[in-house]
Every structure is written in C-alpha cells, then in structure tokens.
Amino acid sequence: KVKEIGRNSYLFFSKDMQIRTSRALKIDSALREALQKQQLYLHYQPQVNIEHQKLIGVEALLRWEHPELGMISPAEFIPQAEANGLIIPIGEWVLKTALNQLRQWIDDGYEPIVMAINLSTAQFRHENLNNMVSQVLHEVQLPPEYLELELTESMAMTDPEKVIGVLDKLHAQGVRIAIDDFGTGYSSLSYLKKFNIDKLKIDQSFVRDIATDAGDRAIVTTIIQMATILGFNTIAEGVETSSQLDFLRENGCHEYQGYKFSKPIPPDTLAEKYLQKNSG
Ligand code: C2E
Ligand code: MG
Ligand code: MG
Ligand code: MG
C-alpha cells in the first residue's frame, strides 16, 4: 500500500507495519476501559532464599485479559500505558491491590512476607509518589518494610542525582528498594554506592546461559561480589534449571525467582501452596 504524503514523497507501509500499528491503536483504546471493566488482575511469583528454599516474598505481576484480544503481555501494554499516561492510575491500582492482598493473607493467619511491586518510569518520576505510597500503606495498615519497590536500572541511571533524593525519601519512610533487570542498564558504579537500595535483581538474560557461557558467569559473579561488598542483597531472576541454581548458590547469591520454583500464580494458589500459617 502506498500513501501519498506530499507532492513527490510516498510513505510505504508494509503489511506487517499496518498490523502492528492497528494493534497498538486497539490496545490503546482497550486499555482505557480495562481498569473499569476489571480486566486487569495480578499474579504473584515467589521469591525464595537460595540456601533453604524458604519463601521470603512475592513479586506482583500485572495480567490483562481482553475479551477479544485475549491475554496481552505487560511487556507490550506497559510501554503503551506509559506513553498515554494511563500507567499512573494503573500503577496505583497495582499497589493498592497487591498490598490489600498481603493484608488479607495476614488477616487470614498467614506469616507476613514482602510484597515486591514494579514501578514504571512515569510513576517513579511522579512528584506524588512518596505521598501516594505512604497513604496506601496507611490505608491497608501495613508496616512499610513489607513493601519493596522495584525500579529498573535504566530508570535509576536516568538523572541519577535526582534519583538519590527520591530513593532517600522512600527509604526514610521504611520502604525497601530493589533495582530490577540489573546488568542491562549501563550503571554508573559511582552512583550505585550513593543509592539507598536494598537489593539488586540480576537480569534473567545473564542467568539463562549461565551453564554454558563463561562471560555470563563472570558478569553474575561480579554482580554478586560487588553487591555483597556494598551491602545489598542479590536475587537472580528467571532461574529455570538446577544447574543455574547450583551455580548461583555456590557463588553466594542470596535469593532466586523463576520457573524452577514457581511461575507467577493466582493469589489463592500461592497461599495454598506456599504461605505458612501462623503458629501463635
Ligand atoms: P520484570 O519485573 O523483570 O519481571 C520478570 C518477568 O520474568 C515476568 O514477566 C515473569 O513472569 C518472567 N519470569 C519469571 N520467572 C521466569 C523464568 O524462570 N523464565 C522466564 N523466561 N521468565 C520468567 P511478565 O510478567 O511478562 O512481566 C514482564 C515485565 O512487565 C516485568 O519485568 C515488568 O517490567 C513489567 N511489569 C509487570 N507487571 C508490572 C506492573 O504491575 N507495573 C509495571 N510498571 N510493570 C510491570
Ligand atoms: Mg520486576
Ligand atoms: Mg526483571
Ligand atoms: Mg524485565
């Protein structure tokens, strides 16, 4: 298909580009209704101690099932929600829903765990973030240390001077901070030590080929050693096999998350399979 855009210039659309553009438009308008129509929900993926396989926390992961388009991955719709501004109400909904879930589990007599929640770029830059977080924690009556906010390494390294202040404020109210997808975002190491953070999440791209790729092994061991010296915990993402797990354990990684232990699952399944009942 050829579209005339000027007297002599033509823009060529391939079939593939057309399909992609029209899907993006569909998703954009569908996303506007997704929250009201209750098409969004959360799954929770266990985060476990590598030594004892003990559940420490869960990561809340957004799911969207659209009646016609089917399941749409957050990797596809989050960037769009980011671009059209809907990520702010969606992100607030995620925070409230996940913390309410944790509140419910505790009320049901389960031992408390940490709830890890992904922040989007726009949420992280939003001037009201700190207030919004403390208000939601107050509403659900949970101590701040049960909440861990994940921001990606590239978010942390964009305007890092400002990020120092944002992280200090969040930390001052007692919330934990993890740097997600670590190793993919061009860290300036001098900033890393100025950031008030608790945990580095080793990106799954380094974990995937750990058994066969000496370069990935070097990167992973270096991240673990550096984090340990700086006083941060480490968690490996995307652990699928025993050999990956063995390597990580032998090299001092603290926690892991991945299909090897469990996929992200609905809250009832998580409670049934993994939460401990209070003994007292
Ligand atoms: P992420 O935060 O790095 O989350 C990890 C992703 O890896 C999740 O994909 C998870 O399902 C997947 N995963 C976990 N274990 C394994 C494994 O063993 N193997 C493989 N191959 N994958 C594994 P998911 O749920 O599709 O989410 C993709 C990304 O979307 C997330 O990456 C995060 O950046 C974003 N996202 C998801 N939920 C939210 C949310 O509530 N808010 C924001 N802002 N972003 C979110
Ligand atoms: Mg994450
Ligand atoms: Mg990640
Ligand atoms: Mg990711």
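By donors I mean N, O and S atoms within 2.8 Å of the metal (3.2 Å for Na, K and Ca), and since water is not among the atoms, sites may look incomplete. Okay, some ground rules before the metals. This is a predicted model, so local features need pLDDT of at least 70 and side-chain atom pairs count only at pLDDT 80 or more, while totals for chains, interfaces and linings use all residues. Residues are numbered from 1 along each chain as its sequence is written, chains are lettered from A and ligands numbered from 1 in the order in which they are written, and side-chain values use heavy atoms, with hydrogens and water left out.

Right, the magnesium ion (ligand 3). Its donor residues are spaced D-D-x55-E in sequence. Those are Asp180 (OD), Asp181 (OD) and Glu237, which appears twice through OE, and the distances run from 2.0 to 2.4 Å.

Now the magnesium ion (ligand 2). Here the protein donors are Glu59 (OE), Asn118 (OD1), Glu150 (OE) and Asp180 (OD), at 2.0 to 2.2 Å. The sequence spacing reads E-x58-N-x31-E-x29-D. Glu150 sits in strand S7 (residues 147-152) and Asp180 in strand S8 (residues 176-182), so the pair ties together parts that are 30 residues apart in sequence. Helices here are DSSP runs of H or I with at least four residues, strands are runs of E with at least two, and both are numbered from the N terminus.

So which residue coordinates both ions? That's Asp180, and the two magnesium ions are 4.2 Å apart. Asp180 is buried, at a relative accessible area of 5%, whereas Asp181 is partly exposed at 25%. For the cut-offs, buried is under 20% relative accessible area, exposed is over 50%, and partly exposed is in between, with a 1.4 Å probe and protein chains only. Glu150 is buried as well.

On to pockets. The largest one holds about 1000 Å³ of space. A pocket, on a 1 Å grid over the protein atoms alone, is an open set of points where a 1.4 Å probe fits, with protein on both sides within 12 Å along at least five of seven lines; lining residues have an atom within 4 Å of a point. Points are joined across faces, edges and corners, and the volume is the space filled by probe spheres set on them. There are 36 lining residues, and Glu59, Leu61, Pro74, Ala75 and Asn118 lie nearest the centre. Remember that Glu59 and Asn118 are also donors to ligand 2. By class, the lining has 16 nonpolar, eleven polar and nine charged residues. Nonpolar is Ala, Val, Leu, Ile, Met, Phe, Trp, Tyr, Cys and Pro; charged is Asp, Glu, Lys and Arg; the others, Gly among them, are polar.

The second largest pocket is about 280 Å³. It has 15 lining residues, with Phe124, Arg125, His126, Lys162 and Val166 closest to its centre. Helix H7 (160-172) gives the most to that lining, six residues.

Last stop, helix H11 (residues 242-250), where the buried residues are Gln244, Leu245, Phe247 and Leu248. Down the helix axis they fall within an arc of 165 degrees, so they line one face; the arc is taken from the directions from the axis to the C-beta atoms. After H11 comes Gly252, with a positive phi near 85 degrees.

And Phe232? That one is in the loop between H10 and S10, buried at 7%. Its contacts (heavy atoms within 4.5 Å), beyond neighbours within four places in sequence, include Leu192, Phe195 and His254.
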